[in-house]
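Student: I would like to go through this model one question at a time. Please keep each answer to the reasoning and the result.

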Amino acid sequence: MVTGGLGLSGLLAHPDWAAVRSLGGPVPDGATVERVVTVADLHADPGEVRAALLTVAVSAPREDWHLDVLLRRAVAAGAVAVLLAGDAPLHPASRLLAGRMGLPVLGTPDALAAALTATRLLQEPDQVVAALVGRTAAVCGVPHGGVDDLVADLARTWRRPVWLLDPGGSVVAGADPAGPAPPPPAAGSALLEVAFGPGQPDGRLAVTEPEGVPAETAALRAALAVAANSVRQRLAEQRLTVERDARLRTALLAEILQAGDPLPAGLRRRALDAGWSLDGWHAGLRIDVPSSVDVVAAREQVLRAVETARLRAVVVEQGPGWNAWTTFDHEPVAGELQQHATTARRTQWLLRESLPTSTGVGRVHRGARGLARTLGEAGDAARLAAERTTSGRFVHVDRLGLGALLLAWTRTDTFLPAARSMLEPLQGRPGDLLTTLTAYLDAESSLTETAAVLGVHRNTVATRIERVRHVLGVDLADPDERLALHLACRSVLFHS
């Protein structure tokens with residue numbers, strides 16, 4: 001960081017200098033402005049301008065030969081840069097001269113305002129700090145809005161990107177998809193940060209550091225300290241609201257599942273107020289996570305995954321995970337059920353990027369009693385999914401039943417040797433063909449679902465399955481051959 005002056009590069013990046021443009025000459029690394037000297041026009045004698053920003057207050061034609069004279073005298077006297085009134089381009093000869101002498105020539109519509117900004121940053125650092133702290137306190141004093149609103153207001157007030165980071169460094173507020181991301185940890189010097197929270201910090205408030213402008217850096221450090229208290233308070237208020245809403249959702253669902261049909265009128269009204277439709281046909285979903293996961297705090301991750309996967313579902317915290325369900329106003333046909341299973345699997349795949357989950361999908365049932373039934377099935381399927389790594393820890397009850405009985409038979413001593421002999425040609429080949437084939441058959445021959453489970457591209461799955469067909473010489477379109485292979489894969493993997 002530059003001390004005892006202003007870094008010219010940092011000054012050019014300052015929000016109050018947004019209208020200043022480079023007209024000619026390079027901006028050397030480490031160029032430092034120690035004072036500001038202002039002259040009336042091109043005819044004035046600049047005098048002593050060593051380490052100074054020489055500002056010309058009155059605009060003049062760029063063809064005026066006095067400009068070249070002034071540039072030569074500025075270089076000779078040791079000026080850091082020349083700031084001209086007006087942002088019209090330099091005459092080519094003047095631009096070449098500035099480049100040859102290594103003198104930065106800048107232009108702006110209001111040269112005096114830009115000079116006053118530089119003077120204030122150099123000579124009145126305490127006022128710079130007081131002004132920014134005052135504006136920050138005013139923003140934090142507004143009683144309305146959540147944490148996201150406060151971070152956005154701080155960014156507007158400080159005129160710099162601001163982020164709220166969790167203890168792991170991930171952005172939880174202030175992330176503008178069209179804006180810049182916070183610098184990586186290796187570039188930590190480019191961020192000013194303040195941690196908040198008792199004991200172990202709950203997170204950090206961060207803002208880009210104005211390199212080379214000490215007064216602005218000091219102002220932002222003081223403003224961060226003021227803002228951190230408000231952020232902590234709003235986070236606590238937001239957490240209380242979230243926990244209260246979670247308790248209400250959990251209690252309401254528990255009452256519905258225990259009440260059975262017909263539901264009391266008051267309970268139906270509360271469900272309606274919550275936006276839940278208890279009539280129609282319901283398909284349940286259960287997402288289990290380890291008990292160490294804060295399901296209330298992680299709810300937003302689940303909602304984002306549900307939205308991204310385009311799964312229309314109500315999500316309710318319950319135990320170590322979430323119950324969710326989709327309601328159809330009619331009995332869904334096979335195609336709709338397949339689409340629902342695909343979006344549910346997509347949700348599971350998205351969550352696996354950040355959470356260790358096991359997911360189960362129940363069959364479709366009707367009414368409030370049907371909701372209890374499908375969520376019960378989904379819970380059973382989720383517990384079974386926890387042991388099924390080859391299926392991506394995802395189980396759909398519609399795919400169990402007779403298949404589960406057949407699978408039990410495959411674990412006998414008479415079936416296993418035949419299964420191993422059948423699949424032996426796949427062993428040791430690149431691409432893990434046995435796992436791919438098993439996942440493909442689990443997904444009912446869906447390339448898209450198999451790719452989601454394995455975390456590879458759809459075309460990769462298609463290539464591997466084609467190799468399986470070639471190596472084993474099987475017809476995967478034949479239901480009998482497909483069933484035999486599926487049972488063999490299950491048996492071999494179970495005993496491996």
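Student: How many helices and strands does the secondary structure of the chain come to?

Tutor: This is a predicted model, and the elements are counted along its chain. The secondary structure comes to 17 helices and 16 strands.

Student: What pLDDT does the chain average, and over which residues is the pLDDT below 50?

Tutor: The chain averages a pLDDT of 83, and 89% of the residues score at least 70. Below 50 lies the stretch 184-189, which has one contact in the model beyond near neighbours in sequence. Residues 400-406 are also below 50, with five contacts beyond near neighbours. The average is thus 83, and the stretches named are 184-189 and 400-406.

Student: What percentage of the residues is buried?

Tutor: A residue counts as buried if its relative accessible area is under 20%. The chain has 496 residues, and the buried ones make up 44%.

Student: Which element gives the largest share of the largest nonpolar core?

Tutor: The largest nonpolar core has 42 residues, and those with the most contacts inside it are W17, L83, L154, W158 and L205. Elements that give two or more residues to this core include helix 4 (111-123), helix 5 (125-140), strand 11 (203-208) and helix 7 (214-259). The largest share is seven residues, and these come from helix 7.

Student: How many residues has the other core that lies apart from it?

Tutor: Among the residues of this other core are L285, V302, A305 and V306. The core has 22 residues.

Student: Which residues does L83 touch, not counting residues up to four places away in sequence?

Tutor: L83 is among the residues with the most contacts inside the largest nonpolar core, as is W17. Not counting residues up to four places away in sequence, L83 touches W17, V20, L53, L54, T55, V56, L106, G107, T108, A111, A114 and A115.

Student: Which residues form the aromatic pair, and how many residues apart in sequence are the parts that the pair ties together?

Tutor: A search of the whole structure finds one aromatic pair. W276 and W325 form this pair, edge-to-face, at 5.2 Å centre to centre and with 85 degrees between the planes. W276 is in the loop between helix 8 (265-273) and strand 12 (281-288), whereas W325 is in strand 14 (residues 321-328), so the pair ties together parts whose separation in sequence is 49 residues.

Student: Is W325 buried or exposed?

Tutor: The cut-off for buried is under 20% relative accessible area. W325 has a relative accessible area of 1%, so W325 is buried.

Student: At what distance from the ring centre of F328 does R312 lie?

Tutor: R312 is placed over the face of F328. Its distance from the ring centre is 5.9 Å.

Student: How many residues of helix 14 are buried?

Tutor: Helix 14 spans residues 433-442 and is mostly covered. Its buried residues include L434, L437, Y440 and D442. Of its 10 residues, the number buried is nine.

Student: How far apart in space are L423 and C489, C-alpha to C-alpha?

Tutor: L423 lies in helix 13 (residues 415-423) and is buried, with a relative accessible area of 0%. Not counting residues up to four places away in sequence, L423 touches L434, L437, L472, L485, A488, C489 and V492; L434 and L437 are among the buried residues of helix 14. L423 and C489 are 66 residues apart in sequence, and their C-alpha to C-alpha distance is 7.6 Å.

Key. Residues numbered from 1 in each chain as written. Predicted model: local features only at pLDDT ≥ 70, side-chain atom pairs only at ≥ 80, totals over all residues. Heavy atoms only, no water. Phe/Tyr/Trp six-rings, centres within 6.5 Å; stacked < 30°, edge-to-face > 60°. Helix = DSSP H or I, 4+ residues; strand = E, 2+ residues; numbered from the N terminus. Buried < 20%, exposed > 50% of the residue type's maximum accessible area, 1.4 Å probe, protein only. Lys NZ or Arg CZ within 6 Å of the ring centre and 35° of its normal. pLDDT = per-residue confidence, 0-100. Contact = heavy atoms within 4.5 Å. Core = buried A, V, L, I, M, F, W, Y, C linked by side-chain atoms within 4.5 Å.
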